[in-house]
Structures are given as C-alpha cells and as structure tokens.
Amino acid sequence: MTEPKTKDSHLSVNVWRGGNEGELVNYQVPARENQTVLDVITEIQRFQQPDLAYRFACRVGVCGSCAMTVNGLPRWTCRTHIKKVVDNGQLTVEPLRNLPRIKDLVCDLEPFIDTWKKAGAPFSGSRTRYDPPANIKPDSPLRQAADAGLQCINCAVCYSACDVVHWNRDYVGPAALNRAWTLVNDVRHAKRQETFEKAFSENGCQSCHSHGNCTRHCPIQLNPSESITGLKKMVFKGLPKEDKK
Amino acid sequence: MHPLRSHKSYLASIGHRVSGVALAVFLPFHFLLLSTAINGADAMDEYLTLAEMLPVKIAEWGLVTLLAAHLFFGIRVLLLEFTHWPRRINRYAAWIVPCTIATILIATLFIIRVY
Ligand code: SF4
Ligand code: SF4
Ligand code: FES
C-alpha cells in the first residue's frame with residue numbers, strides 16, 4: 001500500500017453509524033489507485049473506527065455478504081471499484097434498503113430469508129440416495145428455464161432495489177420469486193404445484209410492477225423480473241408439463 | 001430524485017400508474033358532464049356552451065392525453081410481460097420512446113382538431 005502524497009488525495013466517506021436510528025459520520029480515507037468500497041470500509045475499521053460493524057467474507061464476489069447501499073444504490077462492495085461510484089471525492093455507504101438495521105452497515109437478513117419460504121422455496125426431492133439420479137437433459141426447455149435463474153447467491157441486492165418491497169414489506173420480492181421460478185421448472189422438485197400456488201398467493205408474483213430494478217442491479221446479471229413475468233404467464237398455461245423427450 | 005428511481009423504465013411505469021389514478025379521479029366528472037347532455041335539447045345546448053369554454057377544453061385535452069398515455073404505456077406493460085424477449089435486448093428500455101411519441105401525437109392531434 002503506498003500512502004497518498006497530497007492532502008486532497010483523500011476520499012470523503014459518509015458511513016451510517018447506529019441501528020434503525022443513527023446518523024452518517026464522515027471519515028477521510030486516503031484515495032488509492034486501486035481500491036474497492038469494501039477496502040475503504042476496511043481501512044476505516046482498521047485505522048479509525050475499530051467498532052465499525054460490517055459484513056464480508058470472500059472479497060471476490062462469491063458469497064454476497066458484503067452488499068450495502070453505495071451512493072444510494074445497492075451493490076456488492078467487494079466488487080465495486082471506487083472509481084465507478086465516487087462522486088466528486090464523496091462516497092456515502094449505508095446498509096441495504098428495505099431491511100431492519102442491526103448496527104452500522106449490518107442489516108438483519110431474516111425478513112429476506114423468510115420471503116423465500118413464503119414463496120415456496122425449499123427444494124423437496126422425491127428420490128432417496130438408493131435411487132438412481134434423475135435423468136435430466138441439460139438442453140430441455142424446462143431445464144434451461146430453471147438454469148437461467150439458478151446462480152442466485154441470496155445477496156438481497158435485488159430485494160433492496162425493489163420499490164414494491166419498499167412500499168409493501170409483505171411482498172415476497174424478486175429473489176424469492178426467482179427461486180420459485182427455478183423450482184416450478186425443476187421436474188425433480190416434488191412440490192412443484194405447491195410452490196406454484198405459493199408464488200401466486202397474495203403478495204406473490206402478481207404484486208410485481210415490472211419496474212425492472214431487480215434485474216438492473218443484480219450483480220451477477222440474473223433476471224428476476226423475467227422469472228416473475230414467466231410465473232405470471234403461467235396463469236394462462238398452468239404449471240409447465242414435464243419434458244417428454 | 002432517488003437514484004433508484006431516476007431511470008426511464010421506472011418513470012414509464014410511474015407515468016402509467018399516475019395517469020391511471022388521475023383518470024379514475026377525472027373520468028367521473030367527465031361522465032357527469034356528458035350525462036347532463038341527455039336531459040333534453042336545452043341541457044344539450046347548455047352542455048355545448050360549457051364545452052366551448054377554455055378551461056373545460058383544457059381539461060378535456062388533459063383527459064385525452066392521460067387516456068393516450070395510459071393506453072400506450074399499458075400496452076407496453078403487456079408487451080413486456082407477455083412476449084418473449086431475447087436476453088441481449090434491454091426490454092425495459094424498449095417501447096418507451098414509441099409510447100411517448102404516440103402520446104404526444106394524440107395530444108397534438110386533439111389540439112389541432114378541437115381548436
Ligand atoms: S420487476 Fe418486480 S420484483 Fe423486480 S424490482 Fe420491479 S417490482 Fe420489484
Ligand atoms: S437475484 Fe441477484 S441480486 Fe437478487 S439475491 Fe440473487 S444474486 Fe442477489
Ligand atoms: S465479500 Fe463475498 S461477495 Fe463481497
């Protein structure tokens with residue numbers, strides 16, 4: 001790490017301190033050629049504010065635990081280069097929107113995890129370890145549809161970006177419905193009908209307004225909104241039939 | 001405006017919603033006015049003089065513009081949700097410009113034909 005030479009090569013970083021009640025506190029952090037938002041937060045915690053609470057694990061965009069609100073938008077802080085977001089040397093970092101705040105940059109993810117259950121998320125297999133594995137063709141339409149949404153890592157960025165969640169906390173939100181979409185298309189899932197019904201129950205897929213904020217902000221370019229419109233279309237077609245091929 | 005809301009597709013969907021609410025508020029007045037016209041020839045004449053007044057004309061123009069906006073942006077939502085889009089296309093940005101142009105066109109046409 002090379003120290004910056006002049007005084008103005010500092011970033012002015014406002015960081016949320018406190019829980020649901022709290023305030024933004026300003027820190028001056030040396031600006032470096034290469035730093036991510038997570039690096040900046042870590043530097044504040046190491047050298048200026050040892051009791052600053054924040055979450056991260058992998059630092060390389062795999063675990064999804066470092067999601068925060070940076071200059072108003074939800075992001076993975078470990079994959080966000082400062083240059084991409086800094087505004088006139090200023091940076092504001094807050095916890096994710098739409099979730100209760102625990103301390104500083106850490107929010108309570110429980111309501112988010114609960115939405116997954118509400119939308120019928122747990123996979124329920126019909127085979128035991130003694131049965132042969134299901135023979136699923138990777139290129140079958142149903143498998144392709146399920147695959148499109150499978151890589152989600154539960155980071156809650158889309159949940160935080162969704163305005164319908166902001167207006168109505170009972171709405172299950174994009175990530176849970178994206179999960180439901182992968183399940184209703186998964187022929188190995190024994191409770192497809194149940195998941196389908198849950199996804200369509202009150203505060204399910206029909207509450208989505210197709211703003212597309214979820215898709216706009218998903219850090220791995222998943223398309224929860226497309227999954228939700230896929231679910232909506234099932235109103236006409238019903239649960240997709242298993243591939244015969 | 002909140003950075004989560006300052007993009008075209010968000011504004012398009014809010015425009016659709018607000019025009020819908022505004023229509024729900026103003027349409028009953030429009031129908032009330034229209035219904036007075038069926039109470040005989042005098043009432044009809046009265047209505048026609050009323051319809052010639054500038055504020056009423058402006059209000060009617062507003063109504064037509066709202067209707068056009070709600071119709072076109074409603075069609076956009078249907079296209080967005082019920083047609084298949086290749087992944088490489090940003091389907092949220094699609095149709096906003098044509099819908100805006102169509103709305104402006106209807107609004108202008110109304111002005112030209114009525115005044
Ligand atoms: S498309 Fe639906 S789920 Fe996604 S952000 Fe908009 S309202 Fe929320
Ligand atoms: S869909 Fe994307 S943004 Fe939403 S939880 Fe999954 S990975 Fe995160
Ligand atoms: S720390 Fe794992 S995704 Fe950022």
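**View 1. Contacts and burial in chain B of this predicted model**. Take the contacts in chain B between residues at least 6 apart in sequence: 64% of them join residues at least 24 apart. Of the 115 residues in this chain, 30% count as buried. The accessible surface of chain B comes to about 7,400 Å², and carbon and sulfur atoms account for 75% of that area.

**View 2. The helices of chain B and how they spread**. Chain B has four helices and zero strands, so its radius of gyration is worth a look: at 18 Å, this radius is well over the 13 Å that the globule rule gives for 115 residues, so chain B is more spread out than a compact globule. Along the principal axes, the C-alpha atoms fill a box of roughly 60 × 30 × 25 Å. Charges are part of the picture too: the mean positions of the 9 positive and 6 negative charges of chain B are 31 Å apart.

**View 3. A stacked pair of rings in chain A**. Searching the whole structure gives five aromatic pairs over all chains. One of them joins Tyr54(A) and Phe56(A), which are stacked with 5.5 Å from centre to centre and 20° between the planes. Tyr54(A) is buried, at 15% relative accessibility, while Phe56(A) is partly exposed, at 34%.

**View 4. A ring pair that crosses between chains**. Here Phe236(A), in helix H10 (residues 224-237) of chain A, meets Phe82(B), in helix H3 (residues 54-82) of chain B. Their rings are edge-to-face, 5.6 Å centre to centre, with 65° between the planes. Phe236(A) is exposed at 62% relative accessibility, and Phe82(B) is partly exposed at 35%.

How values were computed
Residues are numbered from 1 along each chain as its sequence is written. Chains are lettered from A and ligands numbered from 1 in the order in which they are written. This is a predicted model: local features need pLDDT of at least 70, side-chain atom pairs count only at pLDDT 80 or more; totals for chains, interfaces and linings use all residues. Side-chain values use heavy atoms; hydrogens and water are left out. Helices (H or I, at least four residues) and strands (E, at least two) are DSSP runs, numbered from the N terminus. The radius of gyration is taken over C-alpha atoms; the globule rule is 2.2 Å times the number of residues to the power 0.38. Buried means under 20% relative accessible area, exposed over 50%, partly exposed in between (1.4 Å probe, protein chains only). Contact means heavy atoms within 4.5 Å. Accessible areas come from the Shrake-Rupley method with a 1.4 Å probe; for residues, only the protein chains shown count as cover. Lys and Arg count as positive and Asp and Glu as negative; His and the chain ends are not counted. The place of a charge is taken as NZ of Lys, CZ of Arg, CG of Asp or CD of Glu. Rings of Phe, Tyr and Trp (its six-membered ring) pair if their centres lie within 6.5 Å; planes under 30 degrees apart count as stacked, over 60 as edge-to-face and the rest as tilted.
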